[in-house]
Amino acid sequence: MAYDHDRTGGMSSATVDLVPRIRAILADGLPFREARMFGGTAFMVREKMIVHARRSGDLLVRVPDDRDAELLTRPGAYRPEMGAGRSMGTGWIGVAESAIAGDADLAEWIDIALAHNALHG
């Protein structure tokens, strides 16, 4: 892992709660590393970001371009921005904290990101 996981270093309580849940889902799979960025924690597989626990408690997910429109219709899914009015574009989806409250919902989004990573890793 990239850093001491016990340090929260300014992360919001929502991010602190989400990070161990993501870590537990990824624990028995491919090797991954964590990187602090944008006020949250990114999870990297094959040196590419699969998901990012955002400061708000939302999840940023890397998804296949051909599933982007379909995945945006899911509850809590939205097009994230890199600042006001600057869409991250196709292949990046934000998921509201409320839509990943259950571990099964969170795991499903992580599985989508891992499938994309396997094709493009």
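**Figure 1. Three helices and six strands make up the chain.** The coordinates behind every view here are those of a predicted model. Following the sequence from its start, you meet the elements in the order α-β-β-β-β-α-β-β-α. Of the 121 residues, 41% count as buried. The accessible surface of the chain amounts to about 6,300 Å², and carbon and sulfur atoms own 53% of that area. If you like contact maps, here is a handy number: among contacts with a separation of 6 or more, 55% are between residues 24 or more positions apart.

**Figure 2. Helix H3 covers residues 103-120.** Its 18 residues reach 26 Å from the first C-alpha to the last, close to the 26 Å expected at 1.5 Å a residue. Which residues of H3 are buried? They are Leu106, Ala107, Trp109, Ile110, Ile112, Ala113, His116 and Asn117. Keep Trp109 in mind, as this residue returns in the next view.

**Figure 3. The largest nonpolar core has 24 residues.** Ile22, Phe43, Val51, Leu59, Val61, Val95 and Trp109 touch the most other members of this core. Two or more residues come from each of helix H1 (13-26), strand S2 (40-45), strand S3 (48-53), strand S4 (59-62), strand S6 (92-95) and H3. The largest share belongs to H3, which supplies five residues. Apart from this core lies another one, of five residues, including Ala42, Met49, Leu60 and Trp92.

**Figure 4. A close-up of isoleucine 22 and its contacts.** What does isoleucine 22 touch once its neighbours within four places in sequence are left aside? The partners are Phe43, Val51, Ala53, Leu59, Leu106 and Ile110. Two of these, Leu106 and Ile110, are among the buried residues of H3. Phe43, Val51 and Leu59 appear alongside Ile22 in the list of core residues that touch the most other members.

**Figure 5. Strands S2 and S3 run antiparallel and are joined by five bridges.** Valine 45 has lysine 48 in S3 as its bridge partner. The two strands form a hairpin with two residues between them. In that turn, arginine 46 has a positive phi of about 55 degrees, a torsion to look at if you are checking backbone geometry. S3 itself is mostly covered, with five of its six residues buried.

**Figure 6. S3 also pairs with S4, in the antiparallel sense.** Three bridges hold this pairing. Histidine 52 stands opposite leucine 60 in S4. Here the hairpin has five residues between the strands, and glycine 57 takes a positive phi near 100 degrees. Leucine 60 is also a member of the five-residue core introduced in Figure 3.

**Figure 7. The structure holds one aromatic pair.** Phenylalanine 32 and phenylalanine 43 form this pair, with 6.0 Å centre to centre. How are the two rings set against each other? They are tilted, with 40 degrees between the planes. Phenylalanine 32 lies in the loop between H1 and strand S1 (33-37), while phenylalanine 43 sits in strand S2, so the pair ties together parts that are 11 residues apart in sequence. Are the two rings' residues buried or exposed? Phenylalanine 32 counts as buried because its relative accessibility is 12%, under the 20% cut-off. Phenylalanine 43, at 0% relative accessibility, counts as buried too. You have already met phenylalanine 43 in Figure 4, as one of the contacts of isoleucine 22.

Terms used: Residues numbered from 1 in each chain as written. Predicted model: local features only at pLDDT ≥ 70, side-chain atom pairs only at ≥ 80, totals over all residues. Heavy atoms only, no water. Helix = DSSP H or I, 4+ residues; strand = E, 2+ residues; numbered from the N terminus. Expected span 1.5 Å × (residues − 1). Buried < 20%, exposed > 50% of the residue type's maximum accessible area, 1.4 Å probe, protein only. Core = buried A, V, L, I, M, F, W, Y, C linked by side-chain atoms within 4.5 Å. Contact = heavy atoms within 4.5 Å. Pairing = 2+ DSSP bridges. Areas by Shrake-Rupley, 256 points an atom, 1.4 Å probe, with all protein chains shown as cover. Phe/Tyr/Trp six-rings, centres within 6.5 Å; stacked < 30°, edge-to-face > 60°.
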